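Subject: Handover of a structure and findings

Dear colleague,

Please find below the structure that I am handing over to you. My findings follow it, grouped by region.

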Amino acid sequence: MSAVAVLAEKRPTDEASVREWMSGNICRCGAYPNIVAAVRAAAGVVS
Amino acid sequence: VNPFRYAQARDLASAMTTVRADPRARYVAGGTNVIDLMKEYVERPSVLVDINALPMAAIEPHADGVRIGALARMSDVADHPAIARGFPVVAQALLASASPQLRNMASIGGNVMQRTRCAYFRDVAQPCNKRAPGTGCSAIGGDNRRHAVIGGSDHCICTHASDLAVALLAVDAVVHVRGAAGDRTVPFEHFYLLPGSTPQRETVLQHGELVTAVDVRASDHAAHSSYLKVRDRASYEFALVSVAAALDVHAGRVRAARVALGGVAPVPWRAHDAERVLAGAPATAATFAAAAAAAARGMRGYGQNDFKVALTRRAVARALAQAGGIA
C-alpha cells in the first residue's frame, strides 16, 4: 500500500526518497534493496 | 486496554459538553497518540469523543498567513503549496516527523497536544511526576539520554516530542482555542507550561477546551526558514536536538530572526538570547556561531544527555547557515 502511494502521490523516486517514503513499515515490509528496486521499476525509473 | 465508551461528535458544542462533564473524557482525532497511551494504561479514559466529523480540517490561506484547522492532517499541511512556499520550516518539520502512514492519520491539534515520549512516563510500573504526581522523577539519576537540558525542574526533565511545535514557534503561530466562555487565541509561545512543580499540567488549556486551529503568520523570516533535525537514525525517529531557524536577511544584515529548539526542553523552546545576537548583525558564520553559543547558554545535562549542549550549539549554527542561505 505504501509503495502504491509513493507512485500515486508522485513522490520522488531516487533511492533515498523511496526509502524515506516507505519508512514506518517496520522490518521486512520496509525498504530492503529489492523492495526499493521494485518501487523504482514500477515507476519506470529502472527496468 | 481498559474498557471505554466511544462517542462520535456531531457538533462542537455537544462534544465539549460531554468532555467537560467528565474529567476522564478525552477527545480523539487521528488517535496516533492517545490510543498508544491507552494500550500502555497511561491513559484510561472513560469515554473517547471522536471529533473527526467536525468541520475543522480546512487549510485556508488569507491575507496575513494561513489558518490551519486543528483536524487538518500532517501530510496535507506538509503538501499544501501555501505552507511549502511561505513556511518551509513547517513543511520540513512535518516531513521529518513520524512516518507517511502516521502523518496521514495524525491531526495538527493532536500533534501539538501529544504527550512526551519519556520511557518512564510511558511505563506505569515506574515513578513519574507527570503521570502520577508526587511519585518522583525516574529520569533524574536514571536513563536520561533523551531528556531535557534546559527548562526542566526537580520534578520533571522530559522533552516535548513534536517537530511541528518547534517550527510553529519560529513562524509566530497563534493557537485558536474554543472554551466554555467562547473562543480565545493564545500566542504559541505561551501555549505550553514549564513543568515546575506541576508537570502534569502541560498547556494553558483547561479540561474540555479544544484547539480549533493554528494560525501561522506570513513574514520574510517565515519565508526564509529551515528545520534541522538530529536523531539516532535517518527516519522514523524523534529528535535528539532539532532547530527551527527563520531569518530575514537584507543587504547582508539580519533584519529579523527566530530560533526555536526541540529535543532539549519539556516544551518547544524559543532561544530569545540567540535571536538578540542575530538582530541587526551581519549574516555571517561568525554571527551564527555567536548566536549558537547564546542558544546553548544555561543548558546543563543530567549525565547521559550532557552531549546535547554541544550538539545544540552545532545544530543551531548549521540551521542558521541553512536558513541564511550560506550553508
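Two strands are counted as paired if DSSP finds at least two bridges between them. The model is a predicted one, and the findings below should be read accordingly.

The sheet in chain B

With that criterion, chain B contains an open sheet of four strands, in the order E9-E10-E11-E12, and the pairing is antiparallel. Strands E9 (225-230) and E12 (269-270) of chain B form the edges; each has a single partner strand, so one side of each is left without a neighbour in the sheet. E9(B) and strand E10 (residues 241-250) of chain B run antiparallel and are joined by six bridges. Leu228(B) has Val243(B) in E10(B) as its bridge partner. Helix H12 (residues 307-323) of chain B packs on this sheet, where it touches E9, E10 and strand E11 (253-262) of chain B. The direction of H12 makes about 35 degrees with that of E10(B).

Helix H3 of chain A

In helix H3 (residues 33-42) of chain A, the buried residues are Val36(A), Val39(A) and Arg40(A). These residues lie on the same side of H3(A), because they cover an arc of only 95 degrees around the axis. Asn34(A) and Ala42(A), on the other side of H3(A), are exposed. The cover over the buried residues of H3(A) includes helix H1 (2-8) and helix H2 (15-21) of chain A. Gly44(A), just after H3(A), takes a positive phi of about 85 degrees.

The surroundings of Ala25(B)

Ala25(B) belongs to strand E2 (residues 25-28) of chain B. Its relative accessible area is 1%, and since buried means under 20%, Ala25(B) is buried. Neighbours within four places in sequence left aside, Ala25(B) is in contact with Thr18(B), Val19(B), Ser46(B), Val47(B) and His207(B). From Ala25(B) to Arg44(B), the C-alpha to C-alpha distance is 9.0 Å, with their positions 19 residues apart in sequence.

Cavities

How many cavities of 30 Å³ or more does the structure hold? There are two cavities of that volume or more. The largest cavity has about 90 Å³ of space. It is lined by 17 residues, of which Cys118(B), Cys128(B), Cys137(B), Cys156(B) and Cys158(B) are the closest to its centre.

Yours sincerely

Note on methods:
Residues are numbered from 1 along each chain as its sequence is written. Chains are lettered from A and ligands numbered from 1 in the order in which they are written. This is a predicted model: local features need pLDDT of at least 70, side-chain atom pairs count only at pLDDT 80 or more; totals for chains, interfaces and linings use all residues. Side-chain values use heavy atoms; hydrogens and water are left out. Helices (H or I, at least four residues) and strands (E, at least two) are DSSP runs, numbered from the N terminus. Contact means heavy atoms within 4.5 Å. Axes are lines fitted to C-alpha atoms, for helices over the stretch in contact, and angles run from 0 to 180 degrees between N-to-C directions. Buried means under 20% relative accessible area, exposed over 50%, partly exposed in between (1.4 Å probe, protein chains only). The arc is that of the directions from the helix axis to the C-beta atoms. On a 1 Å grid over the protein atoms alone, a cavity is a set of points where a 1.4 Å probe fits but cannot get out, and a pocket is an open set with protein on both sides within 12 Å along at least five of seven lines; lining residues have an atom within 4 Å of a point. Grid points are joined across faces, edges and corners, and a volume is the space filled by probe spheres set on the points.
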